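Work through these exercises with the structure open. Try each task before you read its solution.

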Amino acid sequence: MRALLSHYRRHPLQLVALAVMIVLATMLWTGVNHLTSQARASLGQSERAVTERQQVVRSDGQTLVIEDFVALRLAGVCVMPWLEATPETGSRLVGIDPLAAHCFGAGTGASQVLDQPLDGKPFVDMHAAAGISARESRLYLLAPETTQATDLPGGYHLKTFSTSPDTGELGDSFLLNLEALGVLVLLITALLLRSVYLLGLAQRRDSFALLHRFGVSPGQVQRWLVLEILVLALVCVVPGVWLGRWLAAGLGGGFGKALDGLFDIPLYAGQGQGWITPVLVMLGVVVIACLGDLILLRFRDRLSLPMPVRAGLAMALLVAGLVMAWLAPSLPWVFVAVALVFAGAGWLTPATVAYLARWRANRSSASLALWRHRELAVLVRRLTLPLVALQFALAMVLAVQALVTTFEGTFDRWLAQRLEAAYYIEVPAGADSKKAAEWLTNQQEKVPGLRWHRVIRGRAELAEAGSQQVDVFAVAPVGSLVRAWALLESADQPWVALSSGAG
Amino acid sequence: MTESLLAVRGLTKHFVSGNETVPVIDKLSFTLGQGQSLALTGRSGSGKSTVLNLLCGLELPNAGTIVMHGQVFEAGGAATRQKAAAWATLRRQHIGVVFQEANLMPALSLLENVRFRAQLAGRDAANSEDWLTRLGIGELARRYPDQVSGGQRQRAALAMVFAMEPALILADEPTGSLDRHTADEVIQALFELQARYGCSLILATHDAELAAGCQQHLDLGHLSAL
Ligand SMILES: Nc1ncnc2c1ncn2[C@@H]1O[C@H](COP(=O)(O)OP(=O)(O)OP(=O)(O)O)[C@@H](O)[C@H]1O
Ligand SMILES: [Mg+2]
């Protein structure tokens, strides 16, 4: 054992590199992982905080029908029907009954909108919604907050009602991005670790041969190697996890503040997380990265494939990845597809370059050129792993980029749904926002309590004249967030500004 | 002749390259007594190294029997695992192997190499430094293998082998890479210590002069010519 370790005494930098890599990777991964779980918890909390509407559902799980509405109204429970219909063409429509909206009392101005004749999308009158030929329609019965479970007749109970199914998707995509980042960190770590470790192993190969000659069985050497890497991993992973939590705490503070700002309540779920999972995961990664060959070696004879088969397999991976990326139904599949493409390309590239180099070598007459090409061929074949690592590093940059942009994009939508307005009106890109504004202004005249607010998104696109992407939000009351949120621009007197051309 | 340490009967080895078998050793038989020395000569490619590898279990024969240190190894049969383990134990404790080059652990100093080898064989490592001194490189004890000359490395390799107090030393052209003068010095040291400590020696060499120093002589080139 001492003789084995002595290698690192002569090459301390290798040991340091291994150790630093393990520590950093552990730190990064733990940090990301910690953030992911915290984000998950935070998002869960925020969902709960925002979903304050409640609906009445049948205890037997059946979908509601008009008879239920009648039965509930007869029982004296004030419920408002909410019919969601997806027409064959166009987007989801919501049919509501203006006459039943008084259940929600003289509460917010937004609910008073419902007392007015409805002509704008997506809210239409109940009858209109029921009349359209819908692919899918579903009736909900909304109950005011004051409704207690005891008010309900038998066979019904209360449940929370969320008007925005998209939010789950947003949270999911955000978490998925974080998780993909975590997996990428692990992959890159594994590949880098492997390169450094194999370098050290190659240098020690002579020693192993010598040990064999000295009568030390290869099995014993392998056991020592396993022990060595386990000890190293354990020694490095624990401080790595500690540092990672520290990192997560630093980043998490900002994350928590962002959520606080959104909901005006402290939401960041800063609860602790176990040590065992990260330590075990990192140990696993280190062991697999460093000793994967040892395990594979036992099956090598059975696994060794002829060159054309391997090339074909790599090609198949690549094609499968590309096809999958093309057809991917959801984000996780895209990630899998991208991973496949990288693996295939990483496998194929060195082999191809090596083949080309050998082909060149066989054609060149100058001996020096021959040597150069042969050398390149050998080098490139050895570089498979670092090349794949490089690709994954690139992927990581892309992933971070995607993370930021998709988050920005979805966050925008999310914010739109989560603004304090009960309803918002979105003007499609390219459409004239003035019509909506006029309609809103008319509503304002009829409803004294109504306040609405214009929110402009996508400042960059706005700067280019022509297609004005302006979204109009009816917001009541105006929250502090709307004025303070940096991503969005808001104006108190939008139409004045618009008419003066300030847009 | 004293009690025999090694008896070889009908030892045969052929290599398979591609789809043709290359016969290398054909029905080789000899015995070696305790404390005796044997020179293995023959032209390059005649199979000297192959014989040495067979005698320490680094290669397994296709036919024949080797009786070494009281243990019988028959060619063929199952139980390769047990055979390999038995050979490994023999190599660790009783058979010292010196090759032409690369006999030292590169990460250990000369002294540590000697100590390591002695400990591996289960011997007392206390007089490791004495072995280096006896071979004339006591002052280089703390240098690493890549910091000394080739001749000094071979002396250190001999020190390692003697420190493990072997029953048999297998030396494969131990002076092959040295100049005449140095080679003579190293080989003299080998013969002297081998005689003094009473271990057996098989020396593979293509050098007739070196071979003359051994009690027995086995010419593989001659054998394969027959
Ligand atoms: N692993 C192997 N596979 C195929 N043939 C081999 C193998 N090892 C040795 N040989 C062949 O066996 C023959 C004997 O080789 P060996 O190394 O024993 O020769 P040698 O007498 O030690 O030569 P030298 O004096 O050059 O060291 C050679 O012809 C060699 O080509
Ligand atoms: Mg040889």
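**Exercise 1. Salt bridges**

Task: How many salt bridges does the rule count over all chains, and which parts of the chain does the pair E59(B) and K13(B) link?

Solution.
1. Over all chains the count comes to eight salt bridges. The rule asks for a side-chain nitrogen of Lys or Arg within 4 Å of a carboxyl oxygen of Asp or Glu.
2. E59(B) and K13(B) form a salt bridge through their side chains, at 3.9 Å from N to O.
3. This pair joins distant parts of the chain, 46 residues apart. E59(B) sits in the loop between helix 1 and strand 4 (63-68) of chain B, and K13(B) in strand 1 (residues 4-17) of chain B. Helices (H or I, at least four residues) and strands (E, at least two) are DSSP runs, numbered from the N terminus.

Before going on: this is a predicted model, in which local features need pLDDT of at least 70 and side-chain atom pairs count only at pLDDT 80 or more, while totals for chains, interfaces and linings use all residues. Residues are numbered from 1 along each chain as its sequence is written, chains are lettered from A and ligands numbered from 1 in the order in which they are written, and side-chain values use heavy atoms, with hydrogens and water left out.

**Exercise 2. The interface**

Task: Describe the interface of chain A and chain B by residues, area and polar pairs.

Solution.
1. Start with contacts (heavy atoms within 4.5 Å). Chain A uses 13 residues and chain B 22.
2. Next, the area. About 1700 Å² is buried between the two chains, and carbon and sulfur atoms give 58% of it. Buried area is the accessible area (1.4 Å probe) that two parts lose on being put together, summed over both.
3. Then the pairs. The rule finds zero salt bridges across this interface. It does find five residue pairs in polar contact, both residues at pLDDT 80 or more. A polar contact is a pair of N or O atoms within 3.5 Å; within protein, one must be able to donate a hydrogen and the other to accept it, and residues adjacent in sequence count only if both atoms are side-chain atoms.
4. On the chain A side, helix 1 (2-10) and helix 6 (166-213) are the elements that give two or more residues.

**Exercise 3. Ligand 1**

Task: Which element gives the most to the shell around ligand 1?

Solution.
1. Shell residues have a heavy atom within 4 Å of the ligand. Among them are F15(B), V24(B), R43(B) and E173(B).
2. Helix 1 (residues 48-55) of chain B gives the most, with three residues.
3. Check the polar atoms. Oxygen atoms of ligand 1 lie 2.5 Å from a polar side-chain atom of S44(B), and 2.8 Å from a polar side-chain atom of K48(B).
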